[in-house]
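This report walks through the fold and a few local features of one protein. Please keep the structure open while reading.

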Amino acid sequence: MANLWINQSNLNRFLNRMANEIAEEARRRAPIDQGQLRDSIRVEGNNRIVVNPVDANGVSYAASVEFGRQPGQKMPPYGPDSRLAIWAGTPGQAVYMLAKAIAARGIRPKPFFFPAVRAIAERYLKNVRVR
């Protein structure tokens, strides 16, 4: 087995490749409603993976998708331009009732990001041997 020489350039290339593979896997796993969540996943700067979809009120919702929403929290925005109203396709009382139900019952999580990180990390780590 050959010796592996790690320098800053090789490490940065490796981390960039891994970040791009994680982002690609997260996009593949992301639940698709209108595609904003999937389309927001990207790699920026120093191998930083960004997931930042925002609703009509400028509120990021990726964490609510990944981790869900516990019952008993405050109601999500439900105004006429809110993501909830746009998603529901109906303004007014129906959106208010939907927001009230979400606050009362919560939302089940739909993990996409951390499973992608684990899948890519496991694939890389199974090829690592330490003496």
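Contact is used here for heavy atoms within 4.5 Å, and in that sense the cover over the buried residues of helix H5 includes helix H4 (83-88). The model is predicted, and every value below was computed from it.

**Overall arrangement**

The protein contains six helices and two strands, which follow one another along the sequence in the pattern α-α-β-β-α-α-α-α. Of its 131 residues, 29% are buried. Among the contacts with a separation of 6 or more, 61% join residues 24 or more positions apart. The exposed surface of the protein comes to about 9300 Å², and carbon and sulfur atoms supply 54% of that area.

**Two helices in outline**

The table sets out the span of H1 and of H5, from the first C-alpha to the last, beside the value expected at 1.5 Å a residue.

| Helix | Length | Span | Expected span |
|---|---|---|---|
| H1 (8-29) | 22 residues | 31 Å | 32 Å |
| H5 (93-105) | 13 residues | 18 Å | 18 Å |

**Helix H5 and its cover**

Which residues of H5 are buried? They are Val 95, Ala 99, Ile 102 and Ala 103. Because these residues cover an arc of only 100° around the axis, they lie on the same side of H5. An α-helix has 3.6 residues a turn, so residues three or four places apart point the same way. On the other side of H5, Gln 93, Ala 104 and Arg 105 are exposed. Just after H5 comes Gly 106, which takes a positive phi of about 80°.

Within helix H4, Ala 88 offers a view of how this part of the chain meets H5. Leaving aside residues up to four places away in sequence, Ala 88 touches Val 95 and Leu 98, and Val 95 is one of the buried residues of H5. The C-alpha atoms of Ala 88 and Leu 98 are separated by 8.7 Å, although the two residues stand 10 residues apart along the chain. Ala 88 itself is partly exposed, with a relative accessible area of 30%.

**Helix H1: a packed set of residues and a surface patch**

In H1 the buried residues are Met 18, Ala 19, Glu 21, Ile 22, Ala 23, Glu 25 and Ala 26, a list that includes Glu 21 and Glu 25 beside nonpolar residues such as Ile 22. The buried residues of H1 pack against strands E1 and E2 and against helix H6 (113-125).

H1 also holds Phe 14, which belongs to a nonpolar patch on the surface formed with Leu 11 and Leu 15. Together the three residues have about 210 Å² of accessible area. Phe 14 has a relative accessible area of 31% and counts as partly exposed; since a patch takes in residues with over 30% relative accessible area, that value of 31% lets Phe 14 be counted.

**The loop between the strands**

Asn 47 sits in the loop between strand E1 (42-44) and strand E2 (48-50). Is Asn 47 buried or exposed? With a relative accessible area of 18%, Asn 47 is buried, as the cut-off for that class is under 20%. Its backbone deserves a look as well: phi of Asn 47 is near 60°, a positive value in a residue other than glycine. Most residues other than glycine have a negative phi.

Note on methods
Residues are numbered from 1 along each chain as its sequence is written. This is a predicted model: local features need pLDDT of at least 70, side-chain atom pairs count only at pLDDT 80 or more; totals for chains, interfaces and linings use all residues. Side-chain values use heavy atoms; hydrogens and water are left out. Helices (H or I, at least four residues) and strands (E, at least two) are DSSP runs, numbered from the N terminus. The expected span of a helix is 1.5 Å times one less than its number of residues. Buried means under 20% relative accessible area, exposed over 50%, partly exposed in between (1.4 Å probe, protein chains only). The arc is that of the directions from the helix axis to the C-beta atoms. Patches are made of residues with over 30% relative accessible area and no salt bridge: like charges are joined within 9 Å, nonpolar side chains (Val, Leu, Ile, Met, Phe, Trp, Tyr) within 5 Å. Accessible areas come from the Shrake-Rupley method with a 1.4 Å probe; for residues, only the protein chains shown count as cover. A salt bridge is a side-chain nitrogen of Lys or Arg within 4 Å of a carboxyl oxygen of Asp or Glu.
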